[in-house]
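This report describes the fold, the helix packing, the nonpolar core and the charged pairs of one protein chain. The sequence and the structure are shown first.

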Amino acid sequence: NMASDGKSIKVKIFGSEYPLRGESEELTKRVAGYVDQMINTIHNKIPEQPPLTVAVLSALNITEDLF
């Protein structure tokens with residue numbers, strides 16, 4: 001869980017830095033990298049959309065991958 005215990009790990013997603021908590025720095029960075037890549041991919045397809053729309057569409061895509 002990214003919001004609970006563990007050490008603070010700084011990651012950059014869509015140009016902003018976030019201090020995330022995680023047990024594994026490698027896993028946290030891989031997860032953040034995946035999210036960053038998805039957001040950038042969606043943003044490049046629809047650059048005129050606001051960041052929140054891009055983030056929501058990214059969340060839906062990632063969840064679809066999960067299912």
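## Packing of helix 1

The model discussed here is a predicted one. In it, the buried residues of helix 1 pack against three elements: strand 1 (7-13), strand 2 (16-22) and helix 2 (51-66). The residues concerned are Thr28, Ala32, Met38, Ile39 and Ile42, which are the buried residues of helix 1. They lie on the same side of helix 1, because the arc they cover around the axis is only 125°. The other side of helix 1 carries exposed residues, namely Glu26, Arg30, Gln37, Asn44 and Lys45.

The length of helix 1 can be checked against its residue count. Helix 1 comprises 21 residues (residues 25-45), and at 1.5 Å a residue it should span 30 Å; the C-alpha atoms at its ends are 30 Å apart, so the expected and computed values agree.

## Overall architecture

The protein contains two helices and two strands, and their order along the sequence is β-β-α-α. Along the principal axes, the C-alpha atoms fill a box of roughly 35 × 30 × 15 Å.

Of the 67 residues in the protein, 18% are buried. The protein exposes about 5000 Å², and carbon and sulfur atoms supply 56% of this area. Among contacts between residues at least 6 apart in sequence, 18% join residues at least 24 apart.

## The nonpolar core

Nine residues form the largest nonpolar core: Ile9, Val11, Ile13, Leu20, Ala32, Met38, Ile39, Ile42 and Val54. Strand 1 and helix 1 are the elements that give two or more residues to this core. Helix 1 provides the largest share, with four residues.

Ile42, one of these core residues, also shows where helix 1 meets later parts of the chain. When residues up to four places away in sequence are not counted, Ile42 touches Val54, Leu57, Ser58 and Asn61.

## The loop between the strands

Phe14 is found in the loop between strand 1 and strand 2. Is Phe14 buried, partly exposed or exposed? Its relative accessibility is 31%, so Phe14 counts as partly exposed.

The backbone at this position also merits attention. Most residues other than glycine have a negative phi. Phe14, by contrast, has a positive phi, near 50°.

## Salt bridges

How many salt bridges does the structure hold? There are two salt bridges in the structure. One joins the side chains of Lys7 and Glu25, with an N to O distance of 3.7 Å. This pair links distant parts of the chain, since Lys7 belongs to strand 1 and Glu25 to helix 1, 18 residues apart. The other joins the side chains of Lys29 and Glu25, at 3.0 Å from N to O. Lys29 and Glu25 both lie in helix 1 and are four residues apart, about one turn of the helix. Through shared partners, the salt bridges join Lys7, Glu25 and Lys29 into one network.

The three residues of the network can also be described by accessibility. Lys7 is partly exposed, with a relative accessible area of 46%. Glu25 likewise counts as partly exposed, at 34% relative accessibility. Lys29 has a relative accessible area of 42% and is therefore partly exposed.

Key
Residues are numbered from 1 along each chain as its sequence is written. This is a predicted model: local features need pLDDT of at least 70, side-chain atom pairs count only at pLDDT 80 or more; totals for chains, interfaces and linings use all residues. Side-chain values use heavy atoms; hydrogens and water are left out. The expected span of a helix is 1.5 Å times one less than its number of residues. Buried means under 20% relative accessible area, exposed over 50%, partly exposed in between (1.4 Å probe, protein chains only). The arc is that of the directions from the helix axis to the C-beta atoms. Contact means heavy atoms within 4.5 Å. A nonpolar core is a set of buried Ala, Val, Leu, Ile, Met, Phe, Trp, Tyr and Cys residues joined through side-chain atoms within 4.5 Å. A salt bridge is a side-chain nitrogen of Lys or Arg within 4 Å of a carboxyl oxygen of Asp or Glu. Accessible areas come from the Shrake-Rupley method with a 1.4 Å probe; for residues, only the protein chains shown count as cover.
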